[in-house]
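Welcome, and please open your viewer before reading on. This tour tells you what to select at each stop and what you will find there.

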Amino acid sequence: MATNGSDLGVLLQLCEKELESSMLPAAVFSNDEVFAAEMKNIFGRNWVFLGHVSEIPNTGDYVLRRIGLDPVIVVRDDSGEIIVMSNYCRHRGTELCQSDQGNAETFTCPYHGWIYKKNGDWLSAPHVSQAYKELDPKQWGLAKVPHVGVHQGMIFANVSPDAKPLLEELGGAAWFLDALFGLHPDGMRVMGPPDRWRVQTDWKSGAEQFGGDNYHVESAHISLDDIGILQSAREMYKINAQYAVGNGHIFTGHNFVKWFGADWDMWGYPKDLVDKFDLTVLDQAQRDMLASETPVVGTIFPNMSYLRFPGSPDPGVQPFATYTSIRQWQPVAPGVMELWSWQFTWNAASDEYSEQCYVAGQNAFSASGMFEQDDTVVWEGVAKLARSVFPGGDIALNYQLGFEGMSENPIDPHWKGPGVSRLSGIGEQNQRSFYQRWLREMQAS
Amino acid sequence: MSLQISPMETSADIYVQVAQFLALEAALLDDNRVWDWYKLLADDYQLDVPIRITRKRGEGDEFVAGSHHMKDTKGSTEKRILRLFSGHAWAEDPPSRTCRVVGSVVILGERLPGELEVSSSLILYRERGVTPTHTIIAGKRTDVIRVTENGLELVARTMHLAHTILNTSNLGVFI
């Protein structure tokens, strides 16, 4: 919570003033007070992505994930419900779960042997009838995250007791997720555990870029055009739509047919897979969107993004496959994040196609990804600038692409989906929308 | 030429050839002689770097089957090298300064006549750009090395990293 006169309060006031002119002070990308406030105001109050239901299909299956900096066990309990709970024993705070994933009937603390049921309820302890005659088990279970929600198989949780329902908070983003993940009744599943690696930048750098930064592709990723993995990168800006959905959720679309040709509609999925999709579950606006500026990347506030794009690790030799990746920009410290990246496939797709999607996806966006490598280095500067004496963290960064006559960034008058759509890659309305939501959360008491 | 080798009877001559080959490979990469390194790869070269997770003992393989940080063929490796010299490979231009230490070389056996299965460890020291901060990439390789008339060539590599969450910004260097 910021109070007037505190350093954080002053900085947030500067953010508010600068955002009115589509600027942002660099300091927000590495600042101890900002980071501490984000852990409470952003990650302690919003629906945070934790994983996918296909990662914990069976009773007792669990994965160890994070909400902000805090470890949580995400477990499938006996009733089939997904429980999200603290990893710290209630006796002396020992971490119960020391592995990334597994299956447990109970969770036993190695320190004094307290035992919890798989849903976190206190169960027992050594010599319990002599040791804990008066202990009320209801008071000593693992701290549970009060709100857990699932949409299109994606698990979200909110640690705030007064959280609004997930669907309400997703708003128009749910409409996009439906158009992306709801195309087949069997849905999608993850392929393997997330790829994870540490990047020397702020979590917001990834979140804002993956919500609609079309402008960087022909500069940061031009090497892929040089070697024929990406075609016509410099033409891409002509075929984009930028969707500011509302509430800081942001998406962008590419018209693949205009960009690459008629064969590339529906993200370039093979016809035999598209034939299995059931588009009758979508509304007309969703169907129109898929037939024109198909959504390619997007960010669900605060720190979950997705990407769907066709690629081949070796065009002409290996076939093209359209990969779907979910990314999470995990905050680690001011100016440091971890990039977590999952590859997904349609349950209706063949094993062969799924493997091609996995390899194509990892070849492009992963720790070794030929696109992603360059993002990880161009992001590094802002975290250092934020802490500089010269020119100083208060220096304004430019978010003015498409703002008030700066660029040709027209609103699409025919858009029937949620929020605002602009038909050009030359714009930063999406990033501005993200930071307006961020600021609102940071200023809330 | 085919070699009859069993793990118990690896001749010093073969061991020296294999160890020299791996050391040469590392030196070429440290020296940025990437196309010379590429010539050491067999036409059917494959690389697999599986993803590792933390698991309790007895709960399954830490290296998750079917998961990959990287999965390359000779063709996709060529694409990576072409990218490095495109003039726009920002992650590796300027190139990382690396020092690869290859050790613990063991000839495990002969997969097929003339194809040796070899294990080695790698510690890769890496610095990038104008700052002196460094990262370390460590892991154990299981390679298939083929003996040909023209010398040894690398047929397949599986790299088992000592990391779950990588501590380096990207895998822009060859491991």
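One term will help before the first selection: a residue counts as buried if 20 or more other C-beta atoms lie within 10 Å of its own C-beta, as exposed if there are 12 or fewer, and as partly exposed in between. Keep in mind too that this is a predicted model.

**Stop 1: a serine in chain A**

Select Ser219(A), which sits in helix H7 (residues 217-220) of chain A. Is Ser219(A) buried, exposed or partly exposed? It has 13 other C-beta atoms within 10 Å, so Ser219(A) is partly exposed. Now add Gly268(A) to the selection and draw a distance between the two C-alpha atoms: Ser219(A) and Gly268(A) are 49 residues apart along the chain and 24 Å apart in space.

**Stop 2: the whole of chain A**

Zoom out until chain A fills the window. You are looking at 15 helices and 21 strands. Turn the C-alpha trace along its principal axes and you will find that it spans about 75 × 60 × 40 Å. How does the radius of gyration of chain A, 23 Å, stand against that of a compact globule with 445 residues, and what is that value? The expected value is near 22 Å, so the two agree. If you colour by burial, 50% of the 445 residues of chain A count as buried. A contact map would add another view: among contacts between residues at least 6 apart in sequence, 64% join residues at least 24 apart.

**Stop 3: two domains**

Colour residues 48-167 of chain A as domain 1 and residues 187-443 as domain 2. The C-alpha centres of these two domains of chain A lie 32 Å apart. Where they meet, 11 residues of domain 1 of chain A are in contact with 11 residues of domain 2 of chain A. On the domain 1 side, the residues that touch domain 2 of chain A divide into 2 nonpolar, 6 polar and 3 charged.

**Stop 4: a helix and a three-stranded sheet in chain A**

Select residues 172-181 of chain A, which form helix H5. Here 8 of the 10 residues are buried, so H5(A) is largely enclosed by the rest of the structure. Show the side chains of the buried residues, among them Trp175(A), Phe176(A), Leu180(A) and Phe181(A).

Next, pick out the open sheet of 3 strands in chain A, which has the order S2-S11-S10 and antiparallel pairing. Its edges are S2 (48-52) and S10 (147-151) of chain A, each pairing on one side only. From one strand to the next, the twist averages 30°. Look closely at S10(A) and S11 (residues 154-158) of chain A, which pair in the antiparallel sense over 5 bridges. There Gly149(A) has Phe156(A) in S11(A) as its bridge partner.

**Stop 5: the sheet of chain B**

Move to chain B and display its strands. An open sheet of 6 strands runs in the order S2-S1-S6-S5-S4-S3 (chain B), with mixed pairing. At its edges are S2 and S3 (97-112) of chain B; each has a single partner strand, so one side of each is left without a neighbour in the sheet. Neighbouring strands here are turned by 20° against each other on average, direction ignored.

Follow the antiparallel pairs one at a time:

- S4 (residues 115-127) and S5 (residues 134-148) of chain B pair over 13 bridges, and Glu115(B) is bridged to Arg146(B) in S5(B).
- The hairpin of S4(B) and S5(B) has 6 residues between the strands, and Gly129(B) in it takes a positive phi near 70°.
- S5(B) and S6 (residues 151-161) of chain B pair over 10 bridges, with Gly139(B) opposite Leu161(B) in S6(B). A hairpin of 2 residues joins S5(B) to S6(B).
- S1 (residues 41-49) of chain B and S2(B) pair over 4 bridges, with Leu47(B) opposite Asp72(B) in S2(B).

Now show the helices. H3(B) packs on the sheet, touching S1 and S2 of chain B, and its direction makes about 100° with that of S2(B). Helix H1 (residues 12-30) of chain B lies across S3, S4, S5 and S6 of chain B and runs at about 150° to S3(B).

**Stop 6: where the chains meet**

Finish with both chains in view. 34 residues of chain B are in contact with 37 residues of chain A. Which elements give two or more residues to the chain B side? They are strand S2 (70-73) and helix H3 (74-84) of chain B. The largest share, 6 residues, comes from H3(B). Colour the chain B side by class, and you will see 11 nonpolar, 16 polar and 7 charged residues.

Notes:
Residues numbered from 1 in each chain as written. Chains lettered and ligands numbered in written order. Predicted model: local features only at pLDDT ≥ 70, side-chain atom pairs only at ≥ 80, totals over all residues. Pairing = 2+ DSSP bridges. Contact = placed C-beta atoms within 7 Å. Nonpolar A, V, L, I, M, F, W, Y, C, P; charged D, E, K, R; others polar. Axes fitted to C-alpha atoms, helices over the stretch in contact; angles between N-to-C directions. Domains from an automatic or database assignment. Rg over C-alpha atoms; globule rule 2.2 N^0.38 Å.
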